[in-house]
Amino acid sequence: MKKSVAILLMSMMMVLMLMPVMGIADVYMKQKRQTDAFRMMGTEQPAVNVVEEIWITPKGVRTDNPEMSTIMLPDEQKIIMIDHQSKTYVEQSTDLAKMMEGMPKDEGAGDHAAMHQMMQQMTKMDVSVTDTGEEKVINGWNSRKYLLAMNTMMGKNTTEIWATEDLKIDKKLYDQLMTKMFSGLPGMQASMETIQKEMEKIKGVQVLSIFTMDMMNQTHKTRTELLEFKAAEASKDLFAVPTGYRKESPDHH
């Protein structure tokens, strides 16, 4: 339970922080993501090379690739992970109190206290953004280079970010998504204020990011390249789980 929650939350934070900032109303994006294989908390994470489709709306975020879909619903403080191969899905709350309710009954108060402490440590982040002033054209967009440095309990990481102001944005909606998603985690409010202040230095939509993590004596990279970005109306059933998919408990994965 502890390992699965830790991996989930760290992945979720990285996705939201490195995601191109949302545009006006509903936004559709297509991106190419390449991730090295790595090992996290005893779990092997295979290399990934996929093209993903992303919808960002005021209600939440949905990411789809051929194998997996991820739905993040800030107002409900919930994330849904859908496995298209096994036709199953898992729901996980981002509210710590609800996470505790889902823990096995044979886990005592000590386990709950340990979980709370782990969450506090995970949400402590030292984040800084540097504007390098370097510019170039990426996929037709005039882009500017920024360097994002972050220290967490999981290790140190850096991200080379190229962002463009050629695309219109509504940054307030993105900030609201970030705040709502992590409001239930202990210690996250203080971290969010610092994170948002630093991320404001990045002007425009992220069109290319190269994320490098140094963790537990290993280094791995994730390269994310924006291929398409447009305002569009999302379908009403965007956040619905496909019919016929079976729900499983988080501990099953």
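Begin by selecting strand 11, residues 155-164, where 7 of the 10 residues are buried, so that the strand is mostly covered; a residue counts as buried when its relative accessible area is under 20%. Please note that the model on the screen is predicted.

Next, add strand 10, residues 141-152, to the selection. Strand 10 and strand 11 pair in the antiparallel sense, and 10 bridges join them. To see one of these bridges, select Thr 152 together with Gly 155 of strand 11, its bridge partner.

Now display the side chain of Leu 167. Which residues does Leu 167 touch, leaving aside its neighbours within four places in sequence? Leu 167 is in contact with Trp 141, Val 205, Leu 226 and Phe 229.

Leu 167 also leads to the largest nonpolar core, a set of 16 residues. Select Met 29, Leu 167, Val 207, Leu 226 and Phe 229, which have the most contacts inside this core. At least two core residues come from each of strand 1 (27-35), strand 4 (48-56), strand 12 (205-215) and strand 13 (218-231). Strand 12 supplies the largest share, with 3 residues. Another core, of 12 residues, lies apart from this one; select Met 125, Ile 161, Ala 163 and Ile 202, which are among its members. In soluble globular proteins, nonpolar side chains tend to be buried together.

Finally, show the whole chain. The chain contains 5 helices and 14 strands. Of its 253 residues, 49% count as buried. The chain exposes about 12,600 Å², and carbon and sulfur atoms supply 49% of that area. Among contacts between residues at least 6 apart in sequence, 62% join residues at least 24 apart.

Conventions
Residues are numbered from 1 along each chain as its sequence is written. This is a predicted model: local features need pLDDT of at least 70, side-chain atom pairs count only at pLDDT 80 or more; totals for chains, interfaces and linings use all residues. Side-chain values use heavy atoms; hydrogens and water are left out. A nonpolar core is a set of buried Ala, Val, Leu, Ile, Met, Phe, Trp, Tyr and Cys residues joined through side-chain atoms within 4.5 Å. Buried means under 20% relative accessible area, exposed over 50%, partly exposed in between (1.4 Å probe, protein chains only). Helices (H or I, at least four residues) and strands (E, at least two) are DSSP runs, numbered from the N terminus. Contact means heavy atoms within 4.5 Å. Accessible areas come from the Shrake-Rupley method with a 1.4 Å probe; for residues, only the protein chains shown count as cover. Two strands pair if DSSP finds at least two bridges between them.
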